[in-house]
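Welcome, and please open your viewer so that we can walk through this model together. At each stop, select what is named and have a look around before moving on.

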Amino acid sequence: MIDLEHVDPESLPQEMAVAAVTMAELAAGPHATDDAEERARRQDRLQRAEATFAAIPFDDEAARAFGRVYAAVVAAGEKARGRRALDLLIAATALANDLPLYTRNPADFSDLGSLIEVVPVKPGPTR
């Protein structure tokens with residue numbers, strides 16, 4: 001979501017959904033910088049996302065799915081805490097809703113290949 005304008009539209013699905021956790025990350029974004037111009041860009045991105053997408057909630061099913069996601073990551077010898085935990089909550093949302101996960105960083109989800117379909121998103125043309 002952060003770089004949606006820099007993504008090749010051909011690598012995205014016809015219909016898109018966004019996890020509530022992603023929206024939470026976007027909501028935190030403007031508060032995570034002291035640069036006024038960057039804050040304004042982040043606020044604009046948040047408002048556009050809120051106007052475009054109805055977020056898929058992190059519900060009971062997603063909470064249960066997170067246990068499976070967490071177990072897969074730990075079994076692979078990786079850490080499932082800190083900043084990575086947010087990505088894993090997003091993955092759990094996709095798993096709970098039987099949806100593929102589109103990402104610019106497929107390596108971040110390589111431990112989850114047996115649980116969810118991870119679809120790499122290609123960069124768009126540079127302007």
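**Stop 1: Thr52 and its surroundings**

Select Thr52, which counts as exposed because its relative accessibility is 56%, and exposed means over 50%. Keep in mind as you go that this is a predicted model. Thr52 has its place in helix H2. Now show its side chain: it reaches the backbone oxygen of Arg48 at 2.7 Å. Next, add Val18 to your selection. Val18 and Thr52 are 34 residues apart along the chain, and their C-alpha atoms are separated by 9.7 Å.

**Stop 2: Salt bridges along the helices**

How many salt bridges does a search of the whole structure find? It finds five. Stay with Arg48, an exposed residue at 55% relative accessibility, and select Asp44 as well. These two form a salt bridge, with the closest N and O atoms 2.8 Å apart. Both lie in helix H2, four residues apart, which is about one turn of the helix. Asp44 is partly exposed, at 34%.

Helix H2 also holds Glu38 and Arg41, three residues apart. Their salt bridge brings the closest N and O atoms to 2.8 Å.

Now move to helix H3 and select Glu61 and Arg64, which sit three residues apart there. The closest N and O atoms of this salt bridge are 2.6 Å apart. Is Arg64 buried or exposed? It is exposed, with a relative accessible area of 51%. For a last look at these charged groups, select Glu38, Arg41 and Arg42: salt bridges that share partners join them into one network.

**Stop 3: Arg84**

Select Arg84 in helix H4, which covers residues 83-96. A polar atom of its side chain lies 2.7 Å from the backbone oxygen of Asp108. Beyond its neighbours within four places in sequence, Arg84 is in contact with residues including Val73, Glu78 and Asp111.

**Stop 4: Into the cores**

The largest nonpolar core has 18 residues, and those touching the most other members are Val69, Leu88, Ala91, Leu101, Leu112 and Ile116. Helices H3 and H4 each supply at least two residues of this core, and H4 gives the most, with six. Centre your view on Ala91: leaving out residues up to four places away in sequence, Ala91 touches Val69, Leu101, Phe109, Leu112 and Ile116. A second, separate core has six residues, among them Val18, Met23, Leu46 and Phe53.

Finish at helix H1, where Val21, Thr22, Met23 and Leu26 are the buried residues. They pack against strand E1, helix H2, strand E2 and H4.

Note on methods: Residues are numbered from 1 along each chain as its sequence is written. This is a predicted model: local features need pLDDT of at least 70, side-chain atom pairs count only at pLDDT 80 or more; totals for chains, interfaces and linings use all residues. Side-chain values use heavy atoms; hydrogens and water are left out. A polar contact is a pair of N or O atoms within 3.5 Å; within protein, one must be able to donate a hydrogen and the other to accept it, and residues adjacent in sequence count only if both atoms are side-chain atoms. Contact means heavy atoms within 4.5 Å. A nonpolar core is a set of buried Ala, Val, Leu, Ile, Met, Phe, Trp, Tyr and Cys residues joined through side-chain atoms within 4.5 Å. Buried means under 20% relative accessible area, exposed over 50%, partly exposed in between (1.4 Å probe, protein chains only). A salt bridge is a side-chain nitrogen of Lys or Arg within 4 Å of a carboxyl oxygen of Asp or Glu.
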